[in-house]
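Let's take a friendly walk through the side-chain contacts and helix packing of this model. Have the structure open as you read.

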Amino acid sequence: MAISEKLSPPKVVPDPKRPSGPARRPDQKRFAGPARRRKIALVMWQLATAVLILLVWTLVYASGYFSPDLVPPFWDVAVRFVGLAVDPVFWAALAATMSSALVGLALSIVVGVPVGMFLGITPAFYRSTQFLIDLGRSFPVIALLPVMVLMLGATREMEVVVVFSGVVWPILLQTIYGARRIDPVIADTVRSYRIPMGLKFFKVVLPNAAPFAVTGIRIAASASILIAVGVEVLSLTPGMGGNLARAQTDGAPALALAYVIYSGLVGLVLNKILWLAEGRFLGWNRRVTGGGQ
Amino acid sequence: MTTVQNLDRLEERQARHTLSVQSLSKSYGEGADAVEVLHELDVRVEPNEVVCIVGPSGAGKTTLLRCLAGLLPPSSGKVMLGDQEMTEPLSEVGVVFQDYSRSLLPWMRTKENVAFPLQGRGMGRSQRMALAEQCLDAVGLPAVGRKYPWQLSGGMQQRAAIARALAYQSEILLMDEPFASVDAQTRFDLEDLVLDLRKRLGISIVVVTHDIDEAVYLADRVVVLSGHPATVVDVVDVPFGMDRDQIDTKADARFTEARRRILNEIRH
């Protein structure tokens, strides 16, 4: 009996009248109005920027400084842009480029995250490989292209290899950084509570590194599309880049530009999807670092 | 059933060992650049005692606490738990850090945080969750187990950190400036929680603080550190026993006297 008495809740209970925690304040609703107005203002500014860019484009076109074969008017591009959306050739090219980019990205994740975790938790290996990593990440991957084309030909495999060797670095570096950067207070906590190695790895080091690794993956995702298109432009491998380059040499600049815009959109959408996924699975991180607490 | 079992265990953990440091010195750096922070300290924490360590900032209070926790090896002298020398963190000693917002893991719910050290001991999930629940209850947080630490106020986070130390079933709790960054009212509540836990669970508690009022209010003995390197300049016995009150105790003439004595020692 005396035992259960020992653990009955103490008299000190948090005062319900005092705000405890980030409970929503009742006056928060009042700010909904200005918030929406700010949002509308933001959209207006974005529209204004777009109009301004189109205006400058049209002025450049109208000045006649560049031949219309180089700078087509934006309405031509718009027509091509819409036309591509219903063109099966475009969709095949998009699928080809996306699959190369995503396979390269997936390989980078499969290699970069485990290797990064390993290097992050073994300082000796990290120090001895650091110069290699520094070299690798500053290496211009496109310079590899001629060698790769010679070795593998202008093929899908070659494209995947080049994408991989371009985007594995941000993932690797971010993961290493995340695995190494454990808050000293957390390190002390783990030590003083005698958390065993394996548990520490899975419950502390890994979740700690996750947001960093995911940031690396997001950077890598945009870069993977960029590199895939770049490789296709230079080596005329089938895909968006290949079609783009061919449109340019065939004197269809509006079509080429439409492809360029689609390439950009693909990168943007991919980034957005990853951003949403990150918020879904690593929401705690944004809440912790996002301030507001 | 499991509940009763856990409570039995918790009672078993009631402080039995004396935590002490014997002529402990600590220096940082090496050779001619070495700076001695603590010099020949002798401090004892008897079972079920609350000992507060006060001193001006930079006096090496946190260094001493880290030595007591087994996180920092002393340069000379010994840290003893009973007759055993401590060379690493031991499960008899739980630590509550000053920076609660960083010591709770943000990717775990509060209850999982409290139960986490038990997982390291190989306790089954349902059992450790039940114990975590109990310990959250014991610190006055019955309903927040499902929330993440960053959804709690500062005072609640520090309660959760205390619950984690309790769940670990330590018999000695080390607290480093535990209430330095919460508001005054929360601070009083948490001070009373500390006294309450000592009384109900029979654990020993060491609190490092720079607040002399807090030290005298909580402690059976106040250890005063001062100087460079820091030495124990005084040990003040506080005669208020287990039951204390924020108003009456602090108005007591003996409280004022102890306070004056410590303040004079720290000023010099």
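A crossing of two helices is called right-handed if the near helix is turned clockwise from the far one by less than a right angle, and left-handed if it is turned anticlockwise. With that in mind, and remembering that this is a predicted model, we can begin in chain A.

**Helix packing in chain A**

How does α4(A) pass α7(A)? The crossing of these two helices is right-handed. Helix α4 of chain A covers residues 88–121, and its axis comes within 6 Å of that of α7(A), the two crossing at roughly 35 degrees. In the contact of α4(A) with α7(A), 20 residues are nonpolar, 8 are polar and 3 are charged.

**Aromatic pairs**

Over all chains, the whole structure holds 13 aromatic pairs. One of them brings us back to α7(A): Tyr177(A) and Phe212(A) pair edge-to-face, with 5.3 Å from centre to centre and 75 degrees between the planes. Because Tyr177(A) belongs to helix α7 (residues 156–180) and Phe212(A) to helix α9 (residues 197–235) of chain A, this pair ties together parts that are 35 residues apart in sequence. Is Tyr177(A) buried, exposed or partly exposed? Its relative accessible area is 48%, so Tyr177(A) counts as partly exposed.

In chain B, Tyr148(B) and Trp150(B) offer a stacked pair, with 5.3 Å between centres and 5 degrees between the planes. Trp150(B) is buried, at a relative accessible area of 10%. Back in chain A, ring pairs join Phe81(A), Phe90(A), Trp91(A), Tyr259(A) and Tyr262(A) into a cluster.

**Charges over rings**

Chain B also has rings that meet a charged side chain. The charged end of Arg121(B) sits over the ring of Tyr168(B), 4.4 Å from the ring centre. Lys250(B) lies over the face of Tyr217(B), and here the distance to the ring centre is 5.1 Å.

**Salt bridges**

The search of the whole structure finds 22 salt bridges over all chains. Here are some from chain B, with their N to O distances.

| Salt bridge | Distance (N to O) |
|---|---|
| Arg187(B) and Glu214(B) | 3.0 Å |
| Arg259(B) and Asp213(B) | 2.4 Å |
| Glu265(B) and Arg261(B) | 4.0 Å |

Which parts of chain B does the salt bridge of Arg187(B) and Glu214(B) link? Arg187(B) lies in helix α7 (residues 184–201) and Glu214(B) in helix α8 (residues 212–218), so distant parts of the chain, 27 residues apart, are linked. Both partners count as buried: Arg187(B) has 14% relative accessibility, and Glu214(B) has a relative accessible area of 2%.

Helix α8 of chain B also supplies Asp213(B), whose partner Arg259(B) is in helix α10 (residues 253–267), 46 residues apart. Here the partners are partly exposed, with 33% relative accessible area for Arg259(B) and 25% relative accessibility for Asp213(B).

Glu265(B) and Arg261(B) give a local contact, since both lie in helix α10 of chain B, 4 residues apart, or about one turn of the helix. Glu265(B), at 22% relative accessibility, is partly exposed, and so is Arg261(B), at 37% relative accessible area. Finally, salt bridges that share partners join Arg187(B), Glu191(B), Asp211(B) and Glu214(B) into one network.

Notes. Residues are numbered from 1 along each chain as its sequence is written. Chains are lettered from A and ligands numbered from 1 in the order in which they are written. This is a predicted model: local features need pLDDT of at least 70, side-chain atom pairs count only at pLDDT 80 or more; totals for chains, interfaces and linings use all residues. Side-chain values use heavy atoms; hydrogens and water are left out. A salt bridge is a side-chain nitrogen of Lys or Arg within 4 Å of a carboxyl oxygen of Asp or Glu. Buried means under 20% relative accessible area, exposed over 50%, partly exposed in between (1.4 Å probe, protein chains only). Rings of Phe, Tyr and Trp (its six-membered ring) pair if their centres lie within 6.5 Å; planes under 30 degrees apart count as stacked, over 60 as edge-to-face and the rest as tilted. A charge sits over a ring if NZ of Lys or CZ of Arg is within 6 Å of the ring centre and within 35 degrees of the ring normal. Axes are lines fitted to C-alpha atoms, for helices over the stretch in contact, and angles run from 0 to 180 degrees between N-to-C directions. Ala, Val, Leu, Ile, Met, Phe, Trp, Tyr, Cys and Pro count as nonpolar, Asp, Glu, Lys and Arg as charged, and the others, Gly among them, as polar.
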